[in-house]
Amino acid sequence: MLAGALLACPLAMLADGIISGSVVNKDSGEPMDFVTVQLINEKGKPMPIGTNTDEKGLFKLPKVKDGKYTVRITNIGSVTQERPVTVAGGNINIGVIKLADDTKVLQEVVVEGIRSQMRFELDKKVFTVDANIAAAGQSASELLESIPSVEVDQDGEVSLRGNSSVTVWINGKESGLTADNRAQILEQIPGESIERIEVITNPSAKYSPEGTAGIINIILKKDRRGGYFGSAELTANTFGGGNAGFNINYNNSKWDAFAGIGFRMRHNKGGNMMRRTYDDGYFTNSDGSTRNHGNNLFLRLGATYHLTDRDEFSVSGFGMLGHRWGHSLTEYTSNLPGNWIANSNYSHEKGDMRGAHAEIGYLHKWSDSHTLDITAAYNHWGGPSENSYSQAMDYGTERETLEQVQNQNIGTNSYEAKIDYTNNLNERFKLEAGFNGNYNHENSPVSVMQGTIPSDLALNEALWNRFIYNNNISALYVTFGGKVEKLSFSAGLRSEAWQVRTRSLEYGQTKEEAPLFKKNFFALFPSAYISYALPHDNELQINYTRRIRRPWGGQLNSFHNISDPTNVSFGNPQLEPQYSNAFELNYIKSWTYHMISLSAYMRTTSNMMSRISYLDGDVMYSTFANVADQINSGCEIVVKNSLFRSRLDLTTTVNLYNNHINAWDYDFMTEHGTAVALHNDSQNSFAWDARLMASVRLPWGLSLQATGNYSSRHLSAQGSHQGGWSVNAGLRKVVGNWSFSLNCRDIFDSRKFKNTIDGIDYTQESERWRGGRRLQLTVKFSFGNMKAKQDHRGREGGDDAEPMDGSGYGEAEM
């Protein structure tokens with residue numbers, strides 16, 4: 001025993017130590033993120049060991065050798081603090097550091113500094129919404145457009161790195177979002193209710209493998225500063241729309257509670273153009289204009305009760321009530337033989353969106369690194385909609401009219417359950433395991449009335465449909481990770497079993513009479529991560545995950561949607577999931593005022609799902625099919641620079657990617673029961689996009705932010721998507737508790753979406769646009785009585801508080 005003790009002593013003396021602590025604002029007690037923490041040697045010179053505090057104000061300086069040092073804590077607009085420390089064979093926690101505002105600096109520089117919009121971690125990128133001036137008064141969908149490598153198209157569909165197979169979560173859960181309703185929900189969530197957005201391009205086995213491009217996680221605000229605080233916000237824009245919102249939080253030693261309500265009124269205009277040219281010289285063209293309007297109310301509410309130091313219960317939820325309406329006019333011309341020469345199509349739509357997410361949770365902590373987290377949630381999304389069409393067809397010698405009204409009532413219910421167990425077995429190894437369950441049910445009836453004039457509308461039984469869709473997913477996962485000196489690693493395995501059941505009922509059919517399509521699946525999804533810390537703040541990581549893209553309800557429904565009589569779409573009940581193997585190599589290098597991140601990735605996809613089209617006369621028929629294999633590879637480069645004493649912050653993102661699609665053949669079954677052979681040769685396309693975000697501190701306490709982005713042309717299975725560009729900018733002024741923001745979206749009115757389809761004997765080019773240049777003014781008032789967060793015994797953090805690891809202040813653990 002004595003020999004063991006004598007042996008342990010020199011080993012402990014040789015071990016490197018970790019210096020940790022936290023930083024809060026002295027007046028409010030609020031944790032301060034992005035504060036610079038630098039280690040200074042005995043000679044007063046900075047060492048190559050430094051970091052920034054995270055969103056909780058915490059920091060760690062790893063691998064500090066034995067000796068005497070000074071820890072320097074600096075932040076623009078705050079008085080610098082220093083703490084002497086001595087490392088002697090162990091770890092040190094210097095407790096809570098309170099930074100006081102430097103009034104002189106604040107007056108000389110800016111009243112309220114600009115926080116970094118983007119924070120980098122090796123497995124994800126985190127975007128802070130409050131730091132984005134241009135985000136004031138926007139929706140979640142519009143916020144996503146400002147995030148590097150994320151695109152949102154005309155219909156609100158989201159893609160990541162050029163791949164539309166991306167999963168969107170709210171607060172780390174699916175929350176009932178599906179490909180059917182996601183665009184509408186994101187358009188109605190007010191930006192002021194969002195705290196941050198996380199982009200996870202290659203998630204581990206702990207997370208759902210759904211979405212071959214990765215996960216976008218939207219985190220709603222749930223601040224836990226002590227006391228009460230909140231804000232009220234009012235926005236108006238030049239389209240006649242606007243927002244109004246109110247948020248409040250109250251926290252004490254036992255309770256954390258929050259509530260918010262937001263009203264959003266939107267008005268948009270847009271247009272479309274289509275040019276279809278046949279190889280024999282004939283054509284069909286169209287030009288259209290649209291007007292869209294909507295109102296919605298968004299509510300969120302939640303509370304957490306801290307029963308003990310180790311146990312807490314939570315309940316939370318959010319919901320929305322919305323109404324939308326609009327109309328469009330599309331004029332067609334054609335010289336096809338036996339076809340109309342002109343066709344005027346007027347449509348009107350209206351509908352309601354009703355949705356809610358409710359969850360309960362329990363968290364038990366054996367320690368901060370040994371926890372059990374259990375949550376259960378229920379989601380409901382849906383609502384009725386009506387689309388009416390008036391079509392006038394001119395054949396030269398005669399004229400025909402057609403009236404049509406389509407009614408649909410979408411109803412989606414889902415249940416979620418999560419059990420997550422985390423245990424840091426020791427300082428080197430970590431174990432995670434858990435269960436995830438997601439059980440979805442959809443029941444969506446559609447009916448169509450038709451006639452030659454509005455007064456003789458009658459039910460068209462052939463176009464009546466009720467789609468019943470069930471998708472139940474159960475998953476178990478385990479991950480094991482560790483760190484040995486400079487090498488970190490993690491490996492995981494996730495097993496998922498899911499059952500798909502669909503019925504597409506015709507008019508007069510009962511549920512039992514309709515044929516049942518059922519499929520059972522089981523798959524394993526491994527993940528592996530290796531990270532190595534290089535000298536001088538360099539870090540390298542390589543990871544691998546297997547992912548999946550499952551068909552969603554509408555893609556499986558065989559019902560023919562004739563909302564646009566010239567473009568008929570329907571689903572494919574035989575559609576299979578597509579699987580991907582994703583490899584990614586990440587490198588991060590940071591300096592005091594600069595940072596560069598490089599990500600090289602490759603994704604191989606089998607059984608690729610794609611939309612394919614077939615032209616029959618003047619009607620385009622579209623469905624989904626598994627047509628080919630695909631290989632995506634690329635490189636994402638992100639550079640952050642802080643220039644001119646941090647008065648100018650630049651974040652530049654360039655994404656270069658190559659897409660290869662194998663040659664494919666597919667037999668398209670037409671309306672007449674005959675097969676049309678579709679074919680496409682192998683395609684190899686290179687595309688790129690770039691985004692530049694600039695934040696500038698101007699005189700008189702003004703802050704300016706501008707974002708410009710560009711995307712090049714890229715290929716699809718049957719054509720291509722053309723490139724585009726846009727520029728947004730925002731100006732903010734803070735006066736006490738008030739802030740004023742003026743934003744301009746799409747300054748040059750350049751945001752348009754162009755597509756090309758290369759079909760059998762024809763080529764079609766189309767263009768759509770919505771919105772355009774828009775000015776927006778936002779006024780925000782913040783209030784509250786913030787103080788440092790107390791624990792459940794009423795103790796308040798401060799300079800004299802116990803360090804987080806329980807050791808004595810400024811003394812090493814032995």
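Let's start at the outside: the protein chain has an accessible surface of about 36800 Å², and carbon and sulfur atoms own 56% of it. Keep in mind that we're looking at a predicted model. Of the 814 residues in the chain, 48% are buried.

What about secondary structure? The chain has five helices and 45 strands. Long-range contacts are a big part of the story here: if you take the contacts with a separation of 6 or more, 66% of them involve residues 24 or more positions apart.

Staying on the surface for a moment, there's a nonpolar patch of about 560 Å² to look at, and its members are Leu-487, Ile-530, Tyr-532, Leu-534, Leu-540, Ile-542 and Leu-585. Which strands supply at least two residues each to the nonpolar patch? They are β27, covering 516-534, and β28, covering 538-549. The top contributor is β27, which puts in three residues. Ile-530 is one of the patch residues, and it sits in strand β27. Its relative accessible area is 44%, so Ile-530 falls in the partly exposed class, which runs between 20% and 50%.

Strand β27 comes up again once you look at the aromatic rings. The structure holds 21 aromatic pairs. Take Tyr-378 and Tyr-415: their ring centres are 5.1 Å apart and the planes make an angle of 45 degrees, which puts this pair in the tilted class. Tyr-378 belongs to strand β21 (residues 370-394) and Tyr-415 to strand β22 (residues 399-424), so the pair ties together parts of the chain that are 37 residues apart in sequence. Both rings belong to partly exposed residues, with a relative accessible area of 31% for Tyr-378 and 48% for Tyr-415.

Now set that beside Trp-498 and Phe-521. Here the centres are 5.1 Å apart and the planes are at 10 degrees, so this pair counts as stacked. Trp-498 comes from strand β26 (residues 487-505) and Phe-521 from strand β27, so parts that are 23 residues apart in sequence are tied together by the pair. Buried or exposed? Trp-498 is buried at 1% relative accessibility, and Phe-521 is buried too, at 16%. Aromatic residues also gather elsewhere: Phe-246, Trp-738, Phe-740, Phe-781 and Phe-783 form one cluster.

Back in strand β26, have a look at Thr-502. This threonine is buried, with a relative accessibility of 5%. Which residues does Thr-502 touch, once those up to four places away in sequence are left out? The list is Phe-467, Ile-468, Tyr-469, Pro-515, Leu-516, Phe-517 and Leu-556.

Another threonine worth a stop is Thr-375, which lies in strand β21, the strand that also holds Tyr-378. Thr-375 is buried, at 13% relative accessibility. Its C-alpha atom is 5.3 Å from that of Lys-418, although the two residues are 43 positions apart along the chain. Setting aside neighbours within four places in sequence, Thr-375 is in contact with Lys-173, Glu-359, Ile-360, Gly-361, Glu-416, Ala-417 and Lys-418.

If you like checking backbone torsions, there are two residues to pull up. Lys-63 isn't a glycine, yet its phi is positive, at about 55 degrees. Lys-63 is in strand β4 (residues 58-64) and is partly exposed, with a relative accessible area of 36%. Asn-607 also has a positive phi without being a glycine, near 65 degrees. You'll find Asn-607 in strand β32 (residues 594-616), where it is partly exposed with a relative accessible area of 32%.

Last, the cysteines. A disulfide is a covalent bond joining the sulfur atoms of two cysteines. How many disulfides does a search of the whole structure find? It finds zero. As for individual cysteines, Cys-635 is partly exposed at 24% relative accessibility, whereas Cys-744, with a relative accessible area of 15%, is buried. The cut-off that matters for these two is 20%, because buried means under that value.

Terms used
Residues numbered from 1 in each chain as written. Predicted model: local features only at pLDDT ≥ 70, side-chain atom pairs only at ≥ 80, totals over all residues. Heavy atoms only, no water. Disulfide = S-S within 2.5 Å. Buried < 20%, exposed > 50% of the residue type's maximum accessible area, 1.4 Å probe, protein only. Helix = DSSP H or I, 4+ residues; strand = E, 2+ residues; numbered from the N terminus. Contact = heavy atoms within 4.5 Å. Areas by Shrake-Rupley, 256 points an atom, 1.4 Å probe, with all protein chains shown as cover. Patch = residues over 30% accessible without salt bridge, like charges linked within 9 Å, V, L, I, M, F, W, Y side chains within 5 Å. Salt bridge = Lys/Arg side-chain N within 4 Å of Asp/Glu carboxyl O. Phe/Tyr/Trp six-rings, centres within 6.5 Å; stacked < 30°, edge-to-face > 60°.
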